[in-house]
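Reader: Please take one part of this model, chain C, and go through its contacts with the neighbouring chains in detail. I would like the cut-offs stated along with the values.

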4 protein chains.
Amino acid sequence: QLWCHRFAGLRSYATPHSQFFAPSEGIMLPAGSYNNKVAFITGGGTGLGRAMTGVLSQLGAQCVIASRKLEVLQQTATEISSQTGNKVHAVQCDVRDPQAVSRCVDQMVELTGLPDVIINNAAGNFICPSERLSANGWKSITDIVLNGTAFVTLELGKRLIQNQKGASFLAITTIYAESGSGFVVPSASAKAGVEALYKSLAAEWGRYGHRFNIIQPGPIRTKGAFSRLDPTGTFEKSMIGRIPTGRLGKPAELANLAAYLSSDYASWMSGAVIRFDGGEYVSMAGEFNELRKVTDDQWKMLETMIRSTKGS
Amino acid sequence: QLWCHRFAGLRSYATPHSQFFAPSEGIMLPAGSYNNKVAFITGGGTGLGRAMTGVLSQLGAQCVIASRKLEVLQQTATEISSQTGNKVHAVQCDVRDPQAVSRCVDQMVELTGLPDVIINNAAGNFICPSERLSANGWKSITDIVLNGTAFVTLELGKRLIQNQKGASFLAITTIYAESGSGFVVPSASAKAGVEALYKSLAAEWGRYGHRFNIIQPGPIRTKGAFSRLDPTGTFEKSMIGRIPTGRLGKPAELANLAAYLSSDYASWMSGAVIRFDGGEYVSMAGEFNELRKVTDDQWKMLETMIRSTKGS
Amino acid sequence: QLWCHRFAGLRSYATPHSQFFAPSEGIMLPAGSYNNKVAFITGGGTGLGRAMTGVLSQLGAQCVIASRKLEVLQQTATEISSQTGNKVHAVQCDVRDPQAVSRCVDQMVELTGLPDVIINNAAGNFICPSERLSANGWKSITDIVLNGTAFVTLELGKRLIQNQKGASFLAITTIYAESGSGFVVPSASAKAGVEALYKSLAAEWGRYGHRFNIIQPGPIRTKGAFSRLDPTGTFEKSMIGRIPTGRLGKPAELANLAAYLSSDYASWMSGAVIRFDGGEYVSMAGEFNELRKVTDDQWKMLETMIRSTKGS
Amino acid sequence: QLWCHRFAGLRSYATPHSQFFAPSEGIMLPAGSYNNKVAFITGGGTGLGRAMTGVLSQLGAQCVIASRKLEVLQQTATEISSQTGNKVHAVQCDVRDPQAVSRCVDQMVELTGLPDVIINNAAGNFICPSERLSANGWKSITDIVLNGTAFVTLELGKRLIQNQKGASFLAITTIYAESGSGFVVPSASAKAGVEALYKSLAAEWGRYGHRFNIIQPGPIRTKGAFSRLDPTGTFEKSMIGRIPTGRLGKPAELANLAAYLSSDYASWMSGAVIRFDGGEYVSMAGEFNELRKVTDDQWKMLETMIRSTKGS
Ligand SMILES: NC(=O)c1ccc[n+]([C@@H]2O[C@H](COP(=O)([O-])OP(=O)(O)OC[C@H]3O[C@@H](n4cnc5c(N)ncnc54)[C@H](OP(=O)(O)O)[C@@H]3O)[C@@H](O)[C@H]2O)c1
Ligand SMILES: NC(=O)c1ccc[n+]([C@@H]2O[C@H](COP(=O)([O-])OP(=O)(O)OC[C@H]3O[C@@H](n4cnc5c(N)ncnc54)[C@H](OP(=O)(O)O)[C@@H]3O)[C@@H](O)[C@H]2O)c1
Ligand SMILES: NC(=O)c1ccc[n+]([C@@H]2O[C@H](COP(=O)([O-])OP(=O)(O)OC[C@H]3O[C@@H](n4cnc5c(N)ncnc54)[C@H](OP(=O)(O)O)[C@@H]3O)[C@@H](O)[C@H]2O)c1
Ligand SMILES: NC(=O)c1ccc[n+]([C@@H]2O[C@H](COP(=O)([O-])OP(=O)(O)OC[C@H]3O[C@@H](n4cnc5c(N)ncnc54)[C@H](OP(=O)(O)O)[C@@H]3O)[C@@H](O)[C@H]2O)c1
């Protein structure tokens with residue numbers, strides 16, 4: 001498949017520079033940091049949600065994971081729980097349906113009480129030229145990502161406020177929420193909406209003890225994301241070529257960041273939007289970054305030409 | 001130390017400084033700039049949409065205005081048309097309904113052919129503490145603002161692409177789309193989504209001859225906006241107090257900007273987000289701007305105290 | 001599934017899509033818009049500064065242009081003045097030197113009185129890998145761009161305040177001021193500083209009758225910029241390839257925008273940052289925009305693969 | 001822990017809801033996380049720099065702290081070192097002088113070798129109406145903040161590249177770097193420049209094994225910052241009133257964040273800009289956040305008025 005041109009590749013160095021950026025996948029926070037805490041993670045059965053659930057559970061949290069596929073959730077719950085020794089509850093919930101969200105919270109209240117930590121991670125996405133996108137295609141994504149996040153956040157927020165209980169809310173968005181991006185337009189729009197939702201509530205609901213933060217991940221290989229965004233695997237190469245740290249992210253790295261942001265160590269952090277992308281965004285966005293392809297010899301020539309410029 | 005020397009300037013409090021920023025409400029673009037052009041404006045029957053329609057019509061465009069209230073549209077159409085001598089067509093359309101949008105475009109095609117200029121201006125909004133917001137309340141706004149804009153844009157985009165016709169798209173959002181804001185959370189989220197939609201399509205659909213730009217207005221008095229956002233009128237005073245230009249904006253000023261952006265004079269502008277707010281946003285956002293309240297005498301005292309600081 | 005239906009549209013490749021975005025280089029504002037106004041333009045002798053001076057002069061302004069090379073300024077002044085019939089004054093000034101700036105303003109006061117319009121357009125730049133950059137290289141750019149703009153702005157601001165005279169300030173920055181960019185690092189840093197300066201003063205000095213706005217141009221061919229940023233001309237092709245409007249900008253287009261922003265039609269605009277780049281920035285920054293290279297046939301294959309994805 | 005001075009005259013304006021956001025001032029990272037690492041911290045003798053040095057030292061790093069006042073540095077070095085058991089070196093350096101920076105790095109190379117972690121924290125600032133600001137006042141801040149950071153970063157970057165050694169760079173800026181702010185204009189401009197510098201190098205120098213990140217702190221009481229920005233203490237109260245978490249930040253909280261970002265746990269994070277401000281920024285920037293002052297009874301009345309609105 002040739003649809004995705006190879007990047008000109010990295011310059012040849014003695015060692016690929018990603019060696020400088022080896023991932024640390026061990027758990028960062030002190031053991032027990034989440035003892036006596038309850039965490040609610042949407043989409044916690046797979047991918048990044050699963051990784052975050054694993055870390056919070058390991059740190060002592062009781063976790064509730066919710067999404068559409070109960071079997072997937074239950075298997076994840078059993079696996080994590082057996083590793084960490086802490087309970088993980090699986091609750092079926094389609095976040096697009098406010099009634100379902102309400103029932104899910106009812107169930108959680110029975111199981112664990114209201115949560116201390118909420119992670120809005122559930123999402124849908126696929127690549128598609130926008131002129132091929134129907135109104136249904138648009139809604140299939142925005143209903144999950146934007147409305148789903150809003151329904152979960154409003155439902156939990158109201159109950160927490162009624163119970164005078166503080167909480168940390170975290171949303172997982174994407175680096176193209178701010179810039180927009182063609183070919184994933186419903187996702188870009190919905191994720192941008194989620195960011196505004198969280199920044200708005202960070203300002204409004206601090207008085208009720210709630211914090212709201214956002215992680216914008218760059219590419220981290222998960223089956224869910226990559227099968228719908230890069231089915232042939234060719235896009236990945238070109239992404240790695242422009243990521244300054246020279247590699248994709250790891251779910252465990254994101255999970256450590258999420259665990260930090262949701263913990264009391266970050267109790268003064270609210271309204272923050274944290275790009276976590278190996279530098280991909282700044283690398284793409286900067287107009288002259290393409291000059292990394294220029295070789296040393298070419299630079300010498302360019303310098304001579306520039307110096308000889310007269311006048312303006 | 002000379003870094004902060006005595007300054008003999010005069011404070012502007014004696015005369016209201018808005019005198020320096022008197023609005024120019026005449027039409028800016030050359031007459032005939034929109035001759036032989038068709039413009040489609042959602043929410044064109046009232047407020048800012050009406051003002052933009054008036055200017056485009058005056059400049060020679062044939063306008064199609066669309067919203068739910070046909071009578072309001074018709075009255076506006078008649079009034080503008082009788083003033084400008086150019087046709088203004090009223091088409092009923094609830095932008096939340098993709099079928100209705102499609103029928104509306106069918107009607108427009110019959111009346112005028114596909115448009116050269118599209119302005120997504122229709123919106124809904126109200127102030128409300130988020131803990132009082134139901135799922136329906138959320139959707140009542142986001143369905144209009146985000147889904148409505150998407151349906152209109154996708155429907156028109158596809159037809160224009162099929163007909164190999166270029167066009168300028170403009171969305172009217174708000175200054176709190178970027179920052180978020182409490183108490184208008186569905187609007188903030190939906191408008192942020194609209195911005196991502198337009199930035200995304202600016203990148204994706206340039207190849208089809210389409211431009212996409214955004215105006216973020218600050219407070220401009222219209223019946224629609226102010227009756228739902230400041231029903232008692234008390235908020236207005238405090239807004240004016242923090243707007244550096246010392247006054248609200250005028251619909252005619254916004255209309256001139258919109259006419260420029262939608263015209264061929266701006267044919268190289270795409271993906272731009274233009275704040276048009278009298279400076280309100282930067283004034284609110286800057287951490288130390290509150291110091292404008294400090295008097296000259298107080299500054300003298302403060303300087304003395306700062307200079308006497310020793311060490312760090 | 002209907003979300004990404006077959007679309008019968010035509011690709012734009014047959015005809016270069018820049019045909020849809022033909023530049024309008026005539027003057028946009030009404031004749032006489034700048035009658036009885038004085039405009040001060042740094043770097044007004046060449047490139048974009050010259051184009052802006054030409055338009056303001058044509059619209060009735062008396063212009064003062066200032067930079068280091070008096071001869072260049074004088075020739076430009078003579079040429080523009082002879083075309084427009086309005087006076088253009090050439091004043092030598094190295095903006096890095098606050099004393100020189102002060103003397104230049106003294107001279108202007110004699111010639112024309114204090115200005116109504118100030119355009120900070122002077123700048124320096126060159127491409128260079130940052131590991132080759134000396135402290136002097138750093139300062140050679142930042143002293144002009146950041147300090148120079150500050151000295152001009154503070155000097156004129158103070159005098160205008162003392163004279164209770166309002167004014168419009170405009171700064172010309174660049175699209176990579178916000179994102180940063182490798183290989184032009186001093187320029188990126190200094191231009192970002194200029195933007196903060198202007199947003200800060202928009203908030204602070206509104207009370208004195210001053211507005212502050214910013215244009216971030218994308219690539220517009222001028223001898224000054226292109227000889228130092230793309231001496232071989234190879235970079236230009238790749239820029240055009242990613243600009244959604246398919247072409248570089250024209251000095252006359254920028255001049256029309258600048259004339260609008262500095263005019264009374266924009267008297268409510270302050271603190272705005274206007275990207276003017278043919279869509280280049282959003283095109284570069286969006287993570288999936290590279291998929292524009294995918295052909296129709298490849299999309300068909302991709303859709304099949306995505307649809308067959310099971311689970312997450 | 002004593003590495004962070006208690007500040008005399010502690011007032012507490014903390015709001016009742018700040019109970020939900022009690023600070024966690026213990027060290028977050030696993031013991032030994034910085035074993036065998038060298039950290040270089042400018043301004044490490046006081047305030048936030050001292051706090052970060054304390055945490056890194058506690059975690060095993062050998063630290064080099066540099067600023068103008070050698071005595072202050074030496075006392076801090078001795079105190080921290082005696083607590084943590086790890087060496088802290090004091091090196092005199094005025095970052096405004098590239099030669100001094102080079103000599104300082106020479107000294108560091110002798111003492112510890114090149115660093116793994118660089119924190120650009122040194123800064124100057126004071127409040128001042130911009131019309132009272134001289135060119136010298138402007139330079140007194142920008143020379144430290146922007147040029148100083150550039151000189152340190154370029155000098156260390158070059159040496160690290162020559163030695164093929166990777167490193168993490170962190171800059172401490174401020175929340176008003178993005179928005180700008182009146183009354184602290186040189187600081188706003190210079191900090192914005194620092195952010196562009198770091199985003200640019202994140203893109204450019206990844207290939208050499210370097211990461212670049214930014215923390216934008218909100219108000220954290222230190223003697224250095226508060227004596228020059230709020231000498232009377234009256235501003236503090238109003239800041240706390242608008243901070244959603246209802247309190248100022250603590251140096252130890254910032255130090256934990258900085259330790260995370262500079263550690264291998266964040267080896268995939270580059271080009272990130274992390275606001276750390278208790279939510280102050282989003283709270284200030286959102287246009288309708290002032291409505292938090294509206295009481296429950298007033299909301300009831302407002303709702304009735306809004307509902308009775310007819311038409312638009
Ligand atoms: N991986 C990346 O590179 C990357 C990059 C940027 C952002 N992200 C974001 O990271 C998050 C996790 O993505 P991932 O990569 O881990 O992919 P994933 O495994 O596909 O995760 C998506 C999750 O969302 C759940 N979900 C989907 N629709 C739902 C609905 N209607 N109701 C409830 N749950 C629903 C799915 O579970 P069910 O199918 O059981 O409902 C699934 O567990 C997403 O927000 C994604 O946008 C990922
Ligand atoms: N005025 C301001 O200060 C301000 C500030 C920031 C942003 N804005 C934005 O400016 C735009 C215009 O606002 P405005 O102040 O002129 O208020 P407005 O007069 O209330 O305009 C809103 C328009 O949207 C139409 N609309 C609402 N729901 C619709 C639907 N479902 N389908 C089709 N049309 C619909 C309304 O017509 P029908 O009722 O007939 O449907 C109305 O004409 C809005 O996007 C607003 O968010 C205004
Ligand atoms: N062209 C583009 O594609 C592009 C893109 C983005 C931004 N810009 C910006 O647009 C502006 C104009 O650039 P341009 O393309 O027109 O290039 P240009 O012709 O080289 O303009 C630069 C001007 O700055 C003046 N200048 C340089 N150093 C000065 C100093 N120390 N004191 C006073 N004046 C000084 C020069 O005049 P003297 O040599 O006589 O001093 C010259 O007239 C710049 O701010 C540039 O950064 C341009
Ligand atoms: N505290 C806050 O609320 C806050 C908020 C936002 C941002 N910040 C940022 O946090 C950082 C630390 O501030 P702080 O509150 O800890 O204040 P601080 O104690 O005053 O720290 C400033 C440090 O910079 C050093 N410094 C100043 N000029 C220097 C020069 N020319 N060369 C080398 N070092 C120099 C000072 O040491 P010498 O005097 O010995 O040179 C001092 O140690 C600064 O970047 C500040 O802008 C602080």
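Author: What follows covers the two interfaces of chain C, then the ligand sites. This is a predicted model, in which local features need pLDDT of at least 70 and side-chain atom pairs count only at pLDDT 80 or more, while totals for chains, interfaces and linings use all residues. Residues are numbered from 1 along each chain as its sequence is written, chains are lettered from A and ligands numbered from 1 in the order in which they are written, and side-chain values use heavy atoms, with hydrogens and water left out.

Take the interface with chain B to begin with. The contact (heavy atoms within 4.5 Å) takes 66 residues from chain C and 65 residues from chain B. The two chains bury about 5,400 Å² between them, 63% of it on carbon and sulfur atoms; buried area is the accessible area (1.4 Å probe) that two parts lose on being put together, summed over both. On the side of chain C, Met28(C), Arg207(C) and Trp268(C) lose the most area to chain B, together 19% of what that side buries. Between chain C and chain B there are zero salt bridges, a salt bridge being a side-chain nitrogen of Lys or Arg within 4 Å of a carboxyl oxygen of Asp or Glu. Polar contacts, by comparison, link 20 residue pairs, both residues at pLDDT 80 or more. A polar contact is a pair of N or O atoms within 3.5 Å; within protein, one must be able to donate a hydrogen and the other to accept it, and residues adjacent in sequence count only if both atoms are side-chain atoms. Elements of chain C that each supply at least two residues to this side include α4, α6, β6 (210-217) and α9 (251-261). Helices (H or I, at least four residues) and strands (E, at least two) are DSSP runs, numbered from the N terminus.

Next comes chain D. Here the contact takes 39 residues from chain C and 39 residues from chain D. About 2,900 Å² is buried between chain C and chain D, 62% of it on carbon and sulfur atoms. Glu131(C), Trp138(C) and Glu204(C) lose the most area in chain C, together 21% of what that side buries. The rule finds zero salt bridges across this interface, and the polar contacts number 20 residue pairs, both at pLDDT 80 or more. Two or more residues of this side come from each of α4 (135-162), α5 (176-179) and α6 (185-204) of chain C.

Chain C and chain D are also related by symmetry. A rotation of 180° with 0.0 Å of shift along its axis superposes chain C on chain D, with RMSD 0.0 Å, by least squares on the C-alpha atoms of residues with pLDDT of at least 70 in both. That is the relation of a two-fold axis. Gly193(C) is the residue of chain C that comes closest to the rotation axis, at 2.3 Å (C-alpha). The same surface serves both copies, since 100% of the contact residues of chain C recur in chain D.

Chain C also takes part in a ligand site. Residues from chains A and C surround ligand 1, so the site is shared between chains. Of the 27 residues around ligand 1 (a heavy atom within 4 Å), those that come nearest include Thr46(A) and Arg68(A). A polar side-chain atom of Arg68(A) lies 2.7 Å from an oxygen atom of ligand 1.
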